[in-house]
Amino acid sequence: MRWRRFWQRKLRDEDLSREVDSYLAHELDDNLARGMSPEDARYAALRKFGNPTYVREVVFEMNSLNSLDAAWQDVKYGLRQLRLKPAFALATILSLALGIGANTAVFTLVDQILLRLLPVHNPRELAQLQVEGGRFGSNDGDNGHTFSYPTYLALRDRNTVFAGLTGQRIVEASLVGKDRSEMISIGMVAGNYFKVLGVEAYLGRLLASEDNKTRNSNPVAVLQYDFWRNRFSGAPDILGSTIRLNGAPFTIIGVSAPGFEGTDVGLPAQVWVPVMMKPTLFPNWDELDDERSSWFYLFGRLKPGVTLEQAQAAMRVLYRQRQQEELNGQFFQKFPNARPAFLRQNFTLIPAARGQSALRLRFERPLIVLQWLVGIVLVIACVNVANLLLARGAAREREVAIRGALGASRSKLIRQLFIESLILASAGGVAGLFVGNWLTRGLVYFLPYDPANVTLSTTPDLRVLVFTAAVTLLTALFFGLAPALQGARVPPGVTLKEEAGSIASGHGQVRLRKIFVTIQVGLSCLLLVGAGLFARTLDNLRHVNLGFNVQNVVMFGVKPATVYTDGHKLQMYRSLIENLATVSGVKAVGASRMRLLTGGEWDSGITIPGVEPQAGDQHVWSYFNAITPGYFQALDIPIQAGRDLSWRDWGGSRRLCLVNQVLVHDYLGANPVGRRMAQGEKRDPDTEIIGVVGNTRYEDVRGSIPRQTFVALDSKIHYLEGVTVYARVQGDPQQIMPLLRAQVRHVDANLVVSDMRTLNEQVNMRLSNERMLSFLSIAFALLATVLAVVGLHGVLAFVVVHRTREIGIRVALGAGQSGVIRLVLGEMLLAILLGIAGGVTAALLCGRFVETQLFGMKAADPLILLMSVGVVSVASAAAALIPAWRASRIDPIDALRYE
Amino acid sequence: MARKTRSDSRGDMLQGTLDMLILKTVLLGPAHGHTIAHVIEGSSDEVLQVEHGSLYPALHRLENQNLIASFWGTSENNRKAKYYRITPAGKKHLLRERSRWESLVQAVTQVLGPATE
């Protein structure tokens with residue numbers, strides 16, 4: 001109501017002035033009727049009415065929102081002031097844009113990876129099932145979150161705490177199109193998946209329990225909304241058409257509601273199929289009935305009123321029952337001594353409102369560290385702007401004094417100064433959004449995932465906008481309030497009498513600015529320590545001996561788009577490797593089942609006659625890889641004893657393997673070549689060790705080098721879904737990549753090539769966290785130091801100008817140059833020392849928090865602490881020296897004539 | 001942030017009285033500002049003896065409070081004039097204020113007692 005009047009007040013004013021005219025006309029009529037002369041009649045009417053302007057003013061004000069009106073005037077005044085000093089405005093807006101932008105960028109990722117709830121019905125009711133401990137069988141996926149399908153069915157049907165228990169598994173499969181084949185991510189889900197999550201269909205229908213009753217009988221698929229829009233141009237007639245996944249036809253029955261991308265954050269499903277279709281998609285990876293094979297991720301929706309703790313208690317009982325049943329299975333009949341360890345598994349329920357995410361597990365800590373880093377940068381930027389504002393406040397003392405003398409109240413002056421800060425902050429916030437958007441793209445580049453497979457949005461959404469707006473407001477409060485309070489404190493009488501350069505004024509200012517310098521020096525010291533730690537960590541990791549030569553190696557995945565027979569695969573992989581070896585520029589080429597440095601590994605118990613488990617181990621075991629001839633040459637891994645595999649062995653009946661030195665050291669001792677072993681425990685040792693190779697890293701750069709066994713790829717051909725090819729090349733890898741692609745196509749047009757990159761890039765991807773933290777912390781630390789130096793220099797320059805006369809007198813009285821320099825430096829010495837002390841203390845306190853991100857060092861590294869203190873001291877000295885030098889050059893005559 | 005407007009300065013009691021007089025005037029039928037001013041002046045030379053202009057902020061305020069409504073019409077002099085009429089809310093308000101006023105007067109009279117020289 002008030003607002004409507006406010007907007008209409010111009011109109012209402014016109015209305016009122018017509019009304020006044022109407023009154024005057026009527027009064028004039030009356031007066032004329034009484035016989036007055038026209039002139040007298042007019043004056044009498046005006047007298048009777050009083051002052052029309054006054055009446056209009058009263059009514060106009062009645063329709064005003066006074067505070068808003070005044071604020072608007074302040075905004076206009078503020079804008080005018082800022083236009084007068086464009087350099088100042090630019091400097092502050094830039095500082096703020098960097099600070100706010102960095103925060104926006106990091107928050108965009110933090111929000112998506114750590115905070116956002118799944119776009120499903122009541123996400124807080126969701127819980128994920130987790131079990132820690134040995135699986136005693138195969139485990140495919142995140143350790144700790146996988147279950148076998150029979151276990152899922154048992155838990156689903158018997159539990160009393162979930163309104164629904166469902167499961168899913170994201171896998172890669174080929175989508176064969178008219179012009180090209182591509183790998184897409186498929187969600188294999190239980191029939192009740194969408195129902196339990198409460199996700200609706202956008203088109204057609206979603207999967208239901210009937211679709212998942214019997215194996216291989218319901219080849220139906222649901223498309224993810226964005227995938228449907230992008231890959232099928234959002235065609236409305238898509239329902240009923242057929243797509244080929246891993247070569248098998250599936251009928252599209254629906255499109256899911258927009259926004260939903262599955263329960264794996266950062267790894268969205270593009271198509272969903274019933275999990276009972278798994279054998280159709282992966283003929284060699286059926287395992288639907290195998291209770292010793294864990295690969296399915298389980299989620300439940302708690303019944304109303306059931307708490308997570310209650311549900312966990314009930315599910316633990318149920319899981320224990322299930323374990324007892326599994327103990328009756330073949331495996332535990334054969335290996336009864338594995339039972340106690342199996343029963344030591346720890347079953348828990350974890351909240352799953354935000355879905356599951358390998359990304360989150362891996363990036364939670366680094367992202368939180370980053371958010372703190374950018375928070376500190378923002379504080380430094382704020383302090384810097386506050387400093388600039390103070391300097392400006394000094395220049396505006398007279399203006400403020402005059403306004404005060406003319407009757408502006410202190411609160412009005414503060415409001416005016418604060419509104420200027422608000423304008424600056426808003427401009428900084430808007431600019432920060434752009435900077436943030438740009439930085440987010442940079443950040444996503446550090447994530448070790450193919451951008452095509454990870455949908456992290458880099459454009460700010462409403463949540464990010466709200467965050468940025470809140471940060472902007474807080475920023476304005478933070479940097480604007482102190483200078484505004486300080487600026488409005490000017491006593492008009494004193495200031496107006498004074499002239500620039502007098503000794504008395506600016507005392508409070510200098511104190512406040514010294515505090516700012518202390519904060520800036522301290523924070524930049526803290527950031528420098530952080531930068532040092534992260535940079536050295538990265539350096540340490542880069543100098544880890546991987547055991548293979550990462551230079552000049554191209555690697556890529558190869559996978560048939562359709563299902564091949566074992567014989568066909570055997571022939572195809574050999575021809576692939578032999579043909580790739582003929583590509584010009586390729587020096588050596590080989591392939592393996594497992595890809596290096598991805599965090600993924602394949603381990604298994606082994607049997608070597610006469611070898612017992614090591615202390616602390618349950619059994620004799622090793623990491624495994626299956627390789628083709630040429631693999632060791634391609635990676636430059638030395639054969640230290642015996643011989644390599646050769647194509648003559650390929651497809652033969654003899655089972656051959658090589659082992660690494662760690663395995664020899666742990667289990668075999670002298671003369672390993674020629675001994676026999678087997679994969680699996682208590683097996684007939686059917687495999688001959690033909691060679692020993694040098695130690696290499698496997699899944700990660702960190703940690704110790706594991707025991708490794710390299711079996712021939714042909715012995716695992718039945719289970720082979722695809723391989724990673726490694727090619728050692730001569731010349732520019734980028735130029736050879738297309739040749740390799742072409743050659744793969746030439747060998748078999750049905751092969752899908754994926755993730756082609758150099759091995760060096762793969763190492764970088766594995767070190768992405770460290771690279772991200774080290775790169776950004778160095779950048780932020782430098783920025784912080786520069787800002788601190790600028791702030792320090794500003795304060796000292798201010799001090800020198802304000803004390804020119806005093807210094808002049810001192811010089812005139814015989815003070816030497818060094819004495820003047822000492823005087824000026826003495827001003828800031830305490831502030832700097834306090835800042836450094838605070839920064840070092842903070843660094844020591846925060847150290848524990850980042851220790852897990854470090855490698856090969858402690859958080860309290862004396863060298864790095866010393867270097868940071870050194871950098872800050874040198875930078876501070878440099879910043880102080882120029883004003884000090886200028887002060888020492890002050891000519892007493894000039895100084896005293898100054899006024 | 002209700003700041004006292006200048007029209008308030010004559011005191012709440014007087015303002016309340018003026019409101020009542022206006023409402024009472026338009027209760028009889030729609031009237032424009034000039035008429036209202038003269039009617040009030042005629043019935044009470046206490047309140048509106050100074051300037052007729054000060055009536056207008058009061059009219060404006062009453063309209064904002066939905067106690068009266070306005071429309072432009074043609075006056076008895078054949079001139080354009082803004083007419084005010086009372087709304088149902090205005091009638092209720094007048095009734096309420098009137099009884100409050102009467103009880104106030106009664107109370108004051110009781111305190112003062114019979115007029116004695």
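In the predicted model, the elements of chain B follow the order α-β-α-α-β-β-α from the N terminus on, a succession that comes to 4 helices and 3 strands. Chain B has 117 residues, of which 30% are buried. Among its contacts with a separation of 6 or more, 50% are between residues 24 or more positions apart.

The strands of chain B form an open sheet with the order S1-S3-S2 and antiparallel pairing. Strand S1 (31-32) and strand S2 (68-74) of chain B are the edge strands, each of them pairing on one side only. Between S1(B) and strand S3 (residues 80-86) of chain B there are 2 bridges, and these two strands run antiparallel; on this side of S3(B), B:Tyr84 stands opposite B:Ala31. S2(B) is likewise antiparallel to S3(B), to which it is joined by 7 bridges, and one of the residues concerned, B:Gly73, has B:Ala81 in S3(B) as its bridge partner. In the hairpin that S2(B) and S3(B) make, 5 residues lie between the strands, and B:Asn78 takes a positive phi near 65°. S3(B) is mostly covered, with 5 of its 7 residues buried.

The association of the two chains involves 21 residues of chain A, which are in contact with 23 residues of chain B. On the side of chain A that touches chain B, two or more residues are given by each of helix H2 (9-33), helix H3 (38-49), helix H4 (52-62) and helix H5 (66-84) of chain A. The largest share of that side, 8 residues, comes from H2(A), and by class the side comprises 9 nonpolar, 6 polar and 6 charged residues.

Elsewhere in chain A, helix H27 (residues 817-850) was examined for its span and burial. Its 34 residues, at 1.5 Å a residue, should span 50 Å, and because the end C-alpha atoms are 47 Å apart, the span in the model agrees with that expectation. H27(A) nevertheless contains a kink of about 35°, centred on A:Met828, and A:Met828 is itself one of the buried residues of the helix. The other buried residues of H27(A) include A:Val820 and A:Val824 before the kink centre, and A:Ala831, A:Ile832, A:Gly835, A:Ile836, A:Gly839, A:Val840 and A:Ala843 after that position, with A:Val850 also buried. An α-helix has 3.6 residues a turn, so residues three or four places apart point the same way.

Methods. Residues are numbered from 1 along each chain as its sequence is written. Chains are lettered from A and ligands numbered from 1 in the order in which they are written. This is a predicted model: local features need pLDDT of at least 70, side-chain atom pairs count only at pLDDT 80 or more; totals for chains, interfaces and linings use all residues. A residue is buried if 20 or more other C-beta atoms lie within 10 Å of its own, exposed if 12 or fewer, and partly exposed in between; C-beta atoms are placed from the backbone. Two residues are in contact if their C-beta atoms, placed from the backbone, lie within 7 Å. The expected span of a helix is 1.5 Å times one less than its number of residues. The bend at a residue is the angle between axes fitted to the seven residues ending there and the seven starting there. Two strands pair if DSSP finds at least two bridges between them. Ala, Val, Leu, Ile, Met, Phe, Trp, Tyr, Cys and Pro count as nonpolar, Asp, Glu, Lys and Arg as charged, and the others, Gly among them, as polar.
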